[in-house]
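Biologist: Please show me the model, and then I will ask what stands behind the terms you use for it.

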Amino acid sequence: MSPQTDRGAGQARPAVTRLEARAMDLALRAAAEGVRGANPLVGAAIIHDGRILAVGRHRGAGTPHAEIDALRAVRERGEDPRGATAVVTLEPCNHTGRTGPCARALVDAGIARVVYAMADPHAVASGGAVRLRAAGVETVEGPGAGRARELNERWLLATAQGRPYVTAKIAQSLDGRVAAADGTSQWITGPEARRSGHALRARADAVLVGTGTVLADDPRLTARDEHDAPLEHQPLHVVMGARPVPAGAALRDGPWVRIADHDPARVLAELADRGVGHVLVEGGPSVTSAFIGADLVDTLVVHEAPLMLGPGAGATDSLTVGTLGEAVHWRLDGPVRVLGGDLEITLRPAPRRPLAAEPSTPLGEACSPES
Ligand SMILES: NC(=O)C1=CN([C@@H]2O[C@H](COP(=O)(O)OP(=O)(O)OC[C@H]3O[C@@H](n4cnc5c(N)ncnc54)[C@H](OP(=O)(O)O)[C@@H]3O)[C@@H](O)[C@H]2O)C=CC1
Ligand SMILES: Nc1c(N[C@@H]2O[C@H](COP(=O)(O)O)[C@@H](O)[C@H]2O)[nH]c(=O)[nH]c1=O
Ligand SMILES: [Zn+2]
């Protein structure tokens with residue numbers, strides 16, 4: 001499939017210019033710097049008079065979308081976006097969520113042409129291209145689609161499955177233990193790593209643990225700063241399992257729910273019904289293994305502490321792996337960070353099947369020299 005434009009099929013003009021292809025490359029790189037969660041990673045660039053005026057990106061749920069970020073940067077530089085081209089890694093949205101529809105913002109800014117990598121599969125947000133064309137804006141879909149899809153591969157999967165995006169966090173020893181033999185585990189990691197764990201909680205709509213963790217640790221599951229004060233955004237506390245949550249359990253101090261089910265897919269469906277878009281799974285080993293075994297972890301954050309715990313509980317003790325060929329593979333998804341004395345390793349699942357074939361002409365091959 002070649003890039004689509006709203007021009008007639010008989011018109012021979014190449015879909016994108018060399019500058020637009022370069023802008024798409026920059027937008028994709030900017031997108032990759034965002035944080036994963038309920039929203040896809042999206043970048044945008046604005047081109048005018050043969051120059052890339054600005055590059056923007058989405059910085060996480062609730063913050064301005066990439067197009068708005070790029071338009072803001074253009075205006076901050078005292079430039080006028082009227083008549084410009086916007087190059088975006090995802091079809092501009094057409095809905096009012098926590099931010100307004102980007103399609104309208106682009107029209108209001110006087111943008112004349114929008115090149116976007118891939119259509120928005122999210123039923124609520126889609127339709128931006130139709131709205132743009134209705135307002136007389138030329139649209140081109142397809143350049144950079146392969147890279148855009150690869151970047152948001154797991155978000156696209158979660159969206160297609162109609163479930164929340166899932167991040168799992170494991171705080172483990174060098175030898176992969178999450179508790180000592182007697183069940184003690186507080187704390188394996190140092191304060192810097194734990195602060196990063198709290199930042200993860202603050203980015204999630206819900207934090208989920210199994211009943212085993214509730215009974216062993218009595219976790220609070222709140223998002224807190226270095227002084228133990230609550231952060232602004234607090235996640236829903238979710239307990240998965242059959243046993244009741246004890247009357248005095250600390251997690252009852254915030255909004256909480258127990259879901260008496262062992263099936264991660266059904267638990268996610270129930271959370272989706274409650275409006276949860278991003279779940280942080282914090283263990284313990286039985287629950288983490290169940291999510292990983294069901295291929296329902298989209299991002300895995302491992303906090304690796306420099307200590308060994310010998311015969312303690314392993315992070316994924318219940319994962320069914322009988323032979324090396326059944327190993328669950330991951331790949332790095334961003335830089336490894338040093339947090340005090342610990343490491344933070346962010347991973348995403350290595351694809352179990354080859355990625356879908358690139359549906360568009362690769363960047364750089366569909367362009368014409370700048371006119
Ligand atoms: N370092 C770290 O990052 C963490 C360490 N821990 C440590 O882990 C230990 C607790 O481990 P564990 O008991 O495995 O903790 P879990 O939180 O995984 O709880 C396990 C229990 O949850 C219920 N459950 C829900 N879904 C499933 C499922 N799909 N499969 C199996 N059981 C399910 C079962 O109880 P039911 O009968 O009620 O249904 C099960 O016994 C503690 O020592 C704790 O300190 C815990 C979290 C994080
Ligand atoms: N042991 C361990 C973690 N354990 C996780 O933190 C929970 C306790 O949360 P709270 O009561 O809110 O502070 C605990 O039940 C488990 O999910 N986390 C880490 O960052 N590092 C650690 O060494
Ligand atoms: Zn938008």
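Modeller: In this predicted model, the shell around ligand 2 draws at least two residues from each of β8 (165-173), α7 (191-203) and α8 (211-217).

Biologist: What makes a residue part of that shell, and which are the closest to ligand 2?

Modeller: The criterion is a heavy atom within 4 Å of the molecule. There are 16 residues around ligand 2, and the closest are Lys 169, Ser 185, Ile 188, Thr 189 and Arg 224.

Biologist: How do you know how the shell around ligand 2 divides into nonpolar, polar and charged residues?

Modeller: Residue type decides the class: Asp, Glu, Lys and Arg count as charged. On that basis the shell of ligand 2 has 5 nonpolar, 4 polar and 7 charged residues.

Biologist: Why is the pair formed by ligand 2 and Ser 185 called a polar contact?

Modeller: The cut-off for a pair of N or O atoms is 3.5 Å. A nitrogen atom of ligand 2 and a polar backbone atom of Ser 185 are 2.7 Å apart, so the pair qualifies as a polar contact. Two oxygen pairs meet the cut-off as well: one is 2.6 Å, to a polar backbone atom of Ile 188, and the other is 2.8 Å, to a backbone N or O atom of Arg 220. On its own, ligand 2 has 520 Å² of accessible area, and the protein covers 92% of this.

Biologist: Which space does ligand 2 take, and which does ligand 1 take?

Modeller: Ligand 2 takes the space of the largest pocket, and the space taken by ligand 1 is the largest pocket too. The test is that more than half of the atoms of a molecule lie within 2 Å of the grid points.

Biologist: How much space lies in the largest pocket, and what lines the pocket?

Modeller: The volume is about 1,200 Å³. The lining holds 48 residues, with Ser 185, Val 209, Thr 213, Asp 217 and Glu 282 closest to the centre. Two or more lining residues come from each of β8, α7, β9 (206-210), α8 and α10 (285-293). The largest share is that of α7, with 6 residues. By class, the lining has 18 nonpolar, 16 polar and 14 charged residues.

Biologist: Which residues come nearest to ligand 1?

Modeller: Thr 211, Thr 213, Ala 242, His 262 and Ser 286 come nearest, out of 24 residues around ligand 1. The shell of ligand 1 divides into 10 nonpolar, 11 polar and 3 charged residues.

Biologist: What makes Gly 183, Thr 211 and Ala 242 polar contacts of ligand 1?

Modeller: The limit is again 3.5 Å between N or O atoms. An oxygen atom of ligand 1 lies 3.2 Å from a backbone N or O atom of Gly 183. Thr 211 places a polar side-chain atom 2.7 Å from an oxygen atom of ligand 1, and for Ala 242 a backbone N or O atom is 2.7 Å from an oxygen atom of the ligand. These distances are within the limit, so the three are polar contacts. Alone, ligand 1 exposes 930 Å², of which the protein buries 80%. Two or more residues of the shell around ligand 1 come from each of α8 and α10, and α8 gives the most, with 5 residues.

Biologist: Where are the cis peptide bonds from Gln 186 and from Gly 283?

Modeller: The bond from Gln 186 leads to Trp 187, with omega about 0 degrees, and Trp 187 lies in the loop between β8 and α7. The bond from Gly 283 leads to Gly 284, with omega near 0 degrees, and Gly 284 is in the loop between β12 (278-281) and α10.

Biologist: What is the phi of Asp 49, and where is the residue placed?

Modeller: Phi is near 50 degrees, a positive value in a residue other than glycine. Asp 49 sits in the loop between β3 (43-48) and β4 (51-57).

Methods: Residues numbered from 1 in each chain as written. Chains lettered and ligands numbered in written order. Predicted model: local features only at pLDDT ≥ 70, side-chain atom pairs only at ≥ 80, totals over all residues. Heavy atoms only, no water. Polar contact = N/O pair within 3.5 Å; in protein donor to acceptor, adjacent residues only side chain to side chain. Areas by Shrake-Rupley, 256 points an atom, 1.4 Å probe, with all protein chains shown as cover. 1 Å grid on protein atoms, 1.4 Å probe; cavity = no way out; pocket = protein on both sides within 12 Å on 5 of 7 lines; lining within 4 Å. Helix = DSSP H or I, 4+ residues; strand = E, 2+ residues; numbered from the N terminus. Points joined across faces, edges and corners; volume = space filled by probe spheres on them.
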